Amino acid sequence: MSRLTALPATRTAGEPTTKMHVPLLDLKAQYASIRDEVLAAVAEVLESQCCINGPKVAELEEKIAALSGCRFALGVSSGTDAILNCLMSLDICPGDEVITTSFTFFATAGGIVRVGAKPVFVDIDPDTYNIDPALIEAAITEKTKAIIPVHLFGQMADMDPIMEIADRHGLAVIEDAAQSIGSTYKGSKAGSIGTVGCLSFFPSKNLGCAGDGGMIVTNNERLYERMKMMRNHGAGPKYYHKYVGGNFRLDAIQAAILLVKLEYLNDWSEARRRTAAYYNEKFRRTVPRGRTVIKTPFINPDCISVYNQYVIRVPNRDELAAHLRERGIGCEIYYPLPMHLQECFEYLGYRQGDLPESEKAAKEVLAIPVYPELTEQMKEYTSEAITEFYG
């Protein structure tokens with residue numbers, strides 16, 4: 001079924017006679033626009049049979065480093081493994097503590113636990129959904145070794161106060177930039193401000209491969225060399241193992257696909273920003289009884305977002321989601337349960353109410369389609385379905 005196929009449906013009052021299929025993300029539409037380039041790039045790797053690391057990975061590393069404003073970049077097997085490699089290479093060990101946000105994807109906290117450390121969750125700024133810097137210092141103890149701010153939904157966290165706190169206490173800063181490649185804070189790119197930055201190339205990301213893939217960026221040469229060994233079982237040279245590392249290598253086919261897509265990334269990011277501006281204007285007009293019902297994304301004036309997601313905040317969120325899905329419009333809740341309330345972290349002792357802003361956001365946020373291939377008709381259909389719901 002094509003993206004624009006009208007679906008038959010029973011009609012209710014106020015509902016259009018036809019429905020349009022608008023997925024949350026349409027990777028097939030993206031692939032169709034670059035199919036020949038991708039197939040040629042993959043064929044080149046297969047002909048070379050250089051399938052792990054190699055020249056394609058090295059070329060991608062060089063270009064991602066330049067894009068991120070960093071001296072070094074290291075291709076790895078996923079965004080999750082990027083975080084894990086950084087933690088291992090920074091000697092984060094059992095008994096250590098790492099401060100991070102509770103309102104994030106599991107990989108952020110999961111990596112901390114996998115090295116035996118304790119995640120210490122801090123609440124969010126309710127406007128940006130990023131970690132609230134004002135709450136970090138109170139969470140620091142003598143066991144704290146690092147801070148992991150997450151640049152959520154395509155917007156960087158407020159990095160100046162985070163770096164000031166980290167410098168004052170001698171802490172490493174690992175930027176989880178899995179959703180924010182190319183975004184900026186006061187002119188600096190995601191991943192370039194902290195000790196290291198972690199990127200994800202999961203297919204749904206703004207720059208996504210055809211499987212799992214990730215990248216670490218840094219300006220620290222010594223740390224880069226250690227992470228490079230850690231990526232390959234801690235070996236350097238081959239068969240001589242200085243560390244107990246992991247198999248964190250990026251395969252060349254994924255790198256080749258990413259090199260094709262990288263040429264389009266800026267245009268795709270601009271298209272996302274145009275769609276965000278369109279939604280902002282549409283929803284701005286929805287003010288029944290003199291109050292704003294649909295809260296659109298707040299972008300820090302110091303930031304340029306790449307809108308990995310366009311997330312609205314609304315009352316009756318679950319009912320709205322059902323309304324959109326019934327009309328053929330994709331949507332997703334990022335995230336329905338904060339990390340501090342996850343079953344696997346019960347041993348940490350957090351309770352409902354401990355991080356109220358994270359808990360409130362989890363009940364009110366909803367992501368709607370923002371991908372570059374959206375047509376004007378699809379954007380109009382989506383925005384009207386939302387404003388219709390709120391009358």
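Good morning. I begin with one aromatic cluster, formed by F103, Y129, F153, Y334 and Y335. Please keep in mind that this is a predicted model.

F103 takes part in two of the contacts I wish to describe. With F153, the ring centres are 6.5 Å apart and the planes stand at 90°, so this pair is edge-to-face. The partners come from distant parts of the chain, 50 residues apart: F103 belongs to the loop between β4 (97–101) and α4 (106–114), and F153 to the loop between β6 and α5 (159–169). Both F103 and F153 are buried. F103 also forms an edge-to-face pair with Y335, at 6.1 Å centre to centre and with 80° between the planes. Here the separation along the chain is 232 residues, since Y335 lies in the loop between α9 and α10. The relative accessible area of F103 is 1%, and that of Y335 is 11%. Because the limit for a buried residue is 20%, F103 is counted as buried at its 1%, and Y335 likewise at its 11%. Over the structure, the count of aromatic pairs comes to 15.

Next, the backbone around these residues. As a general reminder, most residues other than glycine have a negative phi, and most peptide bonds are trans. Which bond joins Y334 and Y335? It is a cis peptide bond, with omega of about 5°. Y335 sits in the loop that runs between α9 (317–326) and α10 (356–364). A cis peptide bond also joins G236 and P237, where omega is about 0°. P237 is placed in the loop between α6 (221–231) and α7 (252–262).

Y129, a further member of the cluster, has a positive phi of about 70° although it is not a glycine. Its place is the loop between β5 (118–122) and β6 (144–148), and Y129 is buried, with a relative accessible area of 5%. K186 likewise has a positive phi, near 50°, and is a residue other than glycine. K186, however, counts as partly exposed, at 47% relative accessibility.

K186 brings us to a sheet, as it lies in the loop between β8 and β9. The sheet is open and has three strands in the order β9-β8-β12, with antiparallel pairing. β9 (188–189) and β12 (303–304) stand at the edges with a single partner strand each, so one side of each lacks a neighbour in the sheet. Between β8 (residues 184–185) and β9 the antiparallel pairing runs over two bridges, and T184 stands opposite K189 in β9.

I turn now to internal space. How many cavities of 30 Å³ or more does a search of the whole structure find? There are three. The largest holds about 100 Å³ of space. Its lining has 14 residues, and those closest to its centre are F153, Q155, P297, F298 and I299. F153 is thus both a lining residue here and a member of the aromatic cluster. By class, this lining comprises eight nonpolar residues, five polar and one charged.

The second largest cavity has a volume of about 50 Å³. It is lined by 13 residues, with L25, Q30, K205, R272 and P372 closest to its centre. The elements that contribute two or more residues to this lining are α1 (27–48) and α8 (265–284). Its lining has six nonpolar, three polar and four charged residues.

One last contact involves a charge and a ring. The charged end of K379 sits over the ring of Y278, 5.6 Å from the ring centre. Thank you.

Key:
Residues numbered from 1 in each chain as written. Predicted model: local features only at pLDDT ≥ 70, side-chain atom pairs only at ≥ 80, totals over all residues. Heavy atoms only, no water. Pairing = 2+ DSSP bridges. Helix = DSSP H or I, 4+ residues; strand = E, 2+ residues; numbered from the N terminus. 1 Å grid on protein atoms, 1.4 Å probe; cavity = no way out; pocket = protein on both sides within 12 Å on 5 of 7 lines; lining within 4 Å. Points joined across faces, edges and corners; volume = space filled by probe spheres on them. Nonpolar A, V, L, I, M, F, W, Y, C, P; charged D, E, K, R; others polar. Buried < 20%, exposed > 50% of the residue type's maximum accessible area, 1.4 Å probe, protein only. Phe/Tyr/Trp six-rings, centres within 6.5 Å; stacked < 30°, edge-to-face > 60°. Lys NZ or Arg CZ within 6 Å of the ring centre and 35° of its normal.
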